[in-house]
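Reader: I should be grateful for a close look at a single part of this structure and at whatever surrounds it. Please treat the matter as one connected account, beginning with the part itself and then moving outwards.

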Amino acid sequence: MSVTYDFKLLSSGVPGMSLVMAQNEDAFDTITGEFDMTVISNGGAPLDNSRLSEFVHLAESAHLACDFS
């Protein structure tokens with residue numbers, strides 16, 4: 001049985017920042033709507049590393065799963 005994740009959390013290449021990459025339409029709608037995050041041209045939403053645990057908690061509350069790559 002394979003696991004499907006809604007978000008991939010990636011290193012942005014900028015110290016102290018990560019990128020949240022939505023893996024499906026529901027996840028994208030959540031970060032742009034409910035979480036009110038800005039999406040940049042590569043489709044990722046920048047996130048300060050100090051807020052990663054808060055993001056994961058909010059995602060889990062919305063029944064969405066995160067993959068740390």
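**Helix α2 and its surroundings**

Author: The buried residues of helix α2 are covered by several elements, including β1, β2, β3, β4 and α1. The model is a predicted one, and what follows should be read as a description of that model.

Which residues of α2 are buried? They are L52, F55, V56 and A59. Viewed down the helix axis, these buried residues lie within an arc of 100°, so they line one face of α2. The face of α2 turned away from that buried side carries S53 and H57, which are exposed. The helix itself spans residues 52-61 and packs on the sheet, where it touches β1, β2, β3 and β4. Its direction makes about 170° with that of β1.

The sheet beneath the helix is the next element to consider. It is an open sheet of 4 strands in the order β3-β2-β1-β4, and its pairing is mixed. The edge positions belong to β3 (44-48) and β4 (66-68), each of which pairs on one side only. On average, neighbouring strands of this sheet are turned by 30° against each other, with direction ignored. Within the sheet, β2 (residues 17-22) pairs with β3 in the antiparallel sense, over 5 bridges. One point on this pairing can be named: L19 has P46 of β3 as its bridge partner.

A residue of strand β2 leads back to the helix. S18 is placed in β2. Is S18 buried or exposed? With a relative accessible area of 8%, S18 is buried. Leaving aside neighbours within four places in sequence, S18 is in contact with L10, S12, A45, P46, L47, N49 and L52. Of these partners, L52 has already been named among the buried residues of α2, and P46 as the bridge partner of L19. N49 deserves a separate remark, since the side chains of S18 and N49 are joined by a polar contact of 2.5 Å.

The start of α2 also offers a charged pair. How many salt bridges does a search of the whole structure find? It finds 1. The salt bridge is formed by E54 and R51, with the closest N and O atoms 3.3 Å apart. In general terms, side chains of opposite charge can pair when their charged atoms come close. Both partners are partly exposed: E54 has a relative accessible area of 41%, and R51 one of 43%. E54 falls within the span of α2, residues 52-61.

What follows the helix can be described through one residue. α2 is followed by H63, which has a positive phi near 65°. H63 is not a glycine, although its phi is positive. H63 lies in the loop between α2 and β4, and at 73% relative accessibility it counts as exposed.

Helix α1 takes part in covering the buried residues of α2, and α2 in turn is among the elements that cover the buried residues of α1, together with β1, β2 and β3. Helix α1 (residues 25-34) lies across β1 (7-11), β2 and β3, and runs at about 130° to β2. Its buried residues are A27, T30 and I31. These cover an arc of only 90° around the axis, which puts them on the same side of α1. The face of α1 turned away from its buried side carries the exposed residues E25 and D26.

The two ends of α1 may be taken in turn. At the N-terminal end, N24 caps the helix: one of its side-chain oxygens lies 3.2 Å from the backbone nitrogen of D26. Beyond the other end, α1 is followed by D36, whose phi is positive, near 55°. D36 is not a glycine despite this positive phi. D36 is found in the loop between α1 and β3, and its relative accessibility of 62% makes it count as exposed.

To return to the starting point, α2 turns L52, F55, V56 and A59 to its buried side, whereas S53 and H57 are exposed on the face turned away from that side. The covering of the buried residues includes the strands β1, β2, β3 and β4 as well as helix α1.

Notes. Residues numbered from 1 in each chain as written. Predicted model: local features only at pLDDT ≥ 70, side-chain atom pairs only at ≥ 80, totals over all residues. Heavy atoms only, no water. Pairing = 2+ DSSP bridges. Axes fitted to C-alpha atoms, helices over the stretch in contact; angles between N-to-C directions. Contact = heavy atoms within 4.5 Å. Buried < 20%, exposed > 50% of the residue type's maximum accessible area, 1.4 Å probe, protein only. Arc of directions from axis to C-beta. Polar contact = N/O pair within 3.5 Å; in protein donor to acceptor, adjacent residues only side chain to side chain. Salt bridge = Lys/Arg side-chain N within 4 Å of Asp/Glu carboxyl O.
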